[in-house]
Amino acid sequence: MHESGRIASGEVWLVGAGPGDPELLTRKAERLLGAASVVFYDALVGEGVLELAAPGARLVHVGKRSGRHSKDQATIDKLIVEAALAGENVVRLKGGDPAIFGRATEEMDACRAAGVAVRICPGVTAASAAAATLGASLTLRGLARKLTFVTAHARAGEELQLDWQRLADPEATLAVYMGKAAAPEVSARLIEAGLPADTPVALVESASLPAERHFHTRLDLLPLAARTALGDGPALLLIGQAMARPEAVEGAVAEAATQLIG
């Protein structure tokens with residue numbers, strides 16, 4: 001990208017649209033949107049973000065949501081490459097951060113194989129937005145020393161293949177993307193692997209958007225909460241001691257500090 005903020009002709013940028021609120025876009029993402037002649041955008045990209053595209057830019061929906069894929073990945077790759085080879089300034093707009101469960105590698109490989117320059121503009125990922133709306137920290141000294149991102153999306157009929165023993169870490173925060181449908185399995189497998197049944201869980205739906213909703217529960221009650229407390233929007237599960245309600249977190253942090261001093 002040139003200093004003026006323009007995309008070079010025939011260049012592709014994979015741009016993070018963030019969780020949906022256009023105010024959470026990076027300044028670079030906004031400049032790239034304003035310089036694009038064509039924008040290929042995902043289903044989870046907020047309308048307010050699309051409004052920042054340049055006047056006259058082609059907006060092409062290539063949305064992929066669980067169970068509702070409008071275009072397969074090979075078709076999306078082909079559309080991006082063809083637009084770049086035709087000399088267009090291409091933005092591939094992805095919800096959240098392109099490099100976190102965004103299939104960025106497939107699209108970059110397709111561009112490179114065709115000799116097309118491709119770059120990434122990072123974005124705010126859903127876990128960060130969800131924690132912000134909860135007023136919570138994803139990590140806590142003495143309580144949550146690690147942060148793990150996983151996706152609960154699996155192909156139809158396939159078992160969710162995750163290392164449950166590693167994920168059942170009482171000193172970590174586990175962020176489960178696309179976790180609503182898989183909530184019963186996530187709950188059962190983590191408890192089976194040794195994570196306490198009363199481990200705090202926060203469910204956040206449509207993080208950062210006007211329709212956002214959130215709900216606190218515990219690991220053993222997660223299936224019921226996911227079934228009754230959430231609607232049709234994309235949902236994230238945040239699991240771990242850092243997700244306890246604020247007063248409980250304060251008490252646990254104080255206890256952990258006392259133990260360290262002792």
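Leu167, Asp169, Pro170, Ala172, Thr173, Leu174, Leu195, Pro196, Thr199, Ile239, Gly240 and Gln241 line the largest cavity (on a 1 Å grid over the protein atoms alone, a set of points where a 1.4 Å probe fits but cannot get out; lining residues have an atom within 4 Å of a point). This is a predicted model, where local features need pLDDT of at least 70, side-chain atom pairs count only at pLDDT 80 or more, and totals for chains, interfaces and linings use all residues. Residues are numbered from 1 along each chain as its sequence is written, and side-chain values use heavy atoms, with hydrogens and water left out.

**The cavity**
- The structure has one cavity of 30 Å³ or more.
- The volume of the largest cavity (the space filled by probe spheres set on the points, with points joined across faces, edges and corners) comes to about 70 Å³.
- Strand 9 (residues 172–177; strands are DSSP runs of E, at least two residues, numbered from the N terminus) gives the most to that lining, with three residues.
- By class, the lining has seven nonpolar residues (Ala, Val, Leu, Ile, Met, Phe, Trp, Tyr, Cys and Pro), one charged (Asp, Glu, Lys and Arg) and four polar (the others, Gly among them).

**Helix 7 and helix 8**
- The axes (lines fitted to C-alpha atoms over the stretch in contact) of helix 7 (residues 183–192) and helix 8 (residues 222–229) come within 8 Å and cross at roughly 165°, on a scale from 0 to 180 degrees between N-to-C directions; helices here are DSSP runs of H or I, at least four residues.
- So helix 7 runs roughly antiparallel to helix 8 (over 145 degrees).
- Ala183, Pro184, Val186 and Ser187 of helix 7 make the contact (heavy atoms within 4.5 Å) with Leu222, Pro223 and Ala226 of helix 8.
- That contact counts six nonpolar residues, one polar and no charged ones.

**Helix 3 and helix 4**
- Helix 3 (residues 73–85) and helix 4 (residues 104–113) have axes that come within 9 Å and cross at roughly 45°.
- The two are therefore oblique to each other (neither under 35, over 145, nor 65 to 115 degrees).
- Gln73, Ile76, Asp77, Ile80 and Val81 in helix 3 meet Glu106, Glu107, Ala110 and Cys111 in helix 4.
- Here the split is five nonpolar, one polar and three charged.

How values were computed:
1 Å grid on protein atoms, 1.4 Å probe; cavity = no way out; pocket = protein on both sides within 12 Å on 5 of 7 lines; lining within 4 Å.
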